[in-house]
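Student: I am new to this structure and should be grateful for a close look at a single strand and its surroundings. Please begin with the protein as a whole and then turn to that part.

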Amino acid sequence: QVQLVESGGGLVQAGGSLRLSCVVSGSIFSINLMGWYRRAPGKQRELVAIITSGGSPNYADSVKGRFTIARDNAKNTVYLQMNSLKPEDTAVYYCYADVKTYRGSGYYANWGQGTQVTVSS
């Protein structure tokens with residue numbers, strides 16, 4: 001079994017910064033993609049940023065230049081540094097990881113429980 005635990009959400013004023021962290025634990029053989037999605041009130045879940053096991057990132061256009069994703073493979077942890085936050089960034093942010101639990105298995109998607117980010121104007 002795999003668990004993803006996010007931390008770092010909260011309330012911040014527009015223009016401020018927050019750093020999200022997500023630790024993956026449990027039965028882990030290897031982790032491929034890791035990333036962050038978000039769901040704003042009344043909207044569908046959307047990709048924010050994703051990073052490969054080799055460290056190559058991809059970002060949604062809406063956050064390019066403001067958010068930075070990083071990972072520490074030794075700690076099975078992914079981070080999201082969010083700068084210049086805007087009210088439209090308000091959402092529940094979910095951590096994501098593709099995890100292989102043993103050598104012969106495939107990679108399966110795993111999700112965290114979500115952490116609330118609220119940006120006030």
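Tutor: Of the 121 residues in the protein, 43% are buried, where buried means under 20% relative accessible area, exposed over 50%, and partly exposed in between (1.4 Å probe, protein chains only). The model is a predicted one, in which local features need pLDDT of at least 70, side-chain atom pairs count only at pLDDT 80 or more, and totals for chains, interfaces and linings use all residues. Residues are numbered from 1 along each chain as its sequence is written, and side-chain values use heavy atoms, with hydrogens and water left out.

The secondary structure comprises zero helices and eleven strands; helices (H or I, at least four residues) and strands (E, at least two) are DSSP runs, numbered from the N terminus. The radius of gyration, taken over C-alpha atoms, is 14 Å, close to the 14 Å given by the globule rule for 121 residues, so the protein is as compact as a globular protein of that length. That rule is 2.2 Å times the number of residues to the power 0.38. Along its principal axes, the C-alpha trace spans about 50 × 25 × 25 Å.

The part chosen for the close look is strand β7, residues 67-72, in which Ala70 has its place. This strand has a covered face, formed by Phe67, Ile69 and Arg71, and an uncovered one, formed by Thr68, Ala70 and Asp72. Ala70 counts as partly exposed because its relative accessibility is 33%. Apart from neighbours within four places in sequence, Ala70 is in contact (heavy atoms within 4.5 Å) with Ile51, Thr77, Val78 and Tyr79. By comparison of position, the C-alpha atom of Ala70 is separated by 25 Å from that of Tyr102, 32 residues apart along the chain.

The partner of β7 is β8, and the two pair in the antiparallel sense over six bridges; strands pair if DSSP finds at least two bridges between them. Within this pairing, Arg71 stands opposite Val78 in β8. The two strands form a hairpin with four residues between them, and Asn76 in the turn has a positive phi of about 50°.

The hairpin belongs to a wider arrangement: an open sheet of four strands in the order β1-β3-β8-β7, with antiparallel pairing. Its edge strands are β1 and β7, each of which pairs on one side only. At the other edge, β1 and β3 pair in the antiparallel sense over six bridges, and Val2 has Gly26 in β3 as its bridge partner.

Strand β7 also contributes to the nonpolar interior. The largest nonpolar core has 29 residues, of which Trp36, Leu80, Met82 and Tyr93 touch the most other members. Such a core is a set of buried Ala, Val, Leu, Ile, Met, Phe, Trp, Tyr and Cys residues joined through side-chain atoms within 4.5 Å. The elements giving two or more residues to this core include β7, β8 (77-82), β9 (91-100) and β11 (115-120). The largest share, five residues, comes from β9.

Strand β11 offers a further example of two unlike faces: Thr115, Val117 and Val119 point to one face and are buried, while Gln116, Thr118 and Ser120 point to the other and are not. Three bridges join β9 to β11, which run antiparallel, and Ala91 has Val117 in β11 as its bridge partner. Strand β2 (residues 10-13), by contrast, pairs with β11 in the parallel sense over four bridges.
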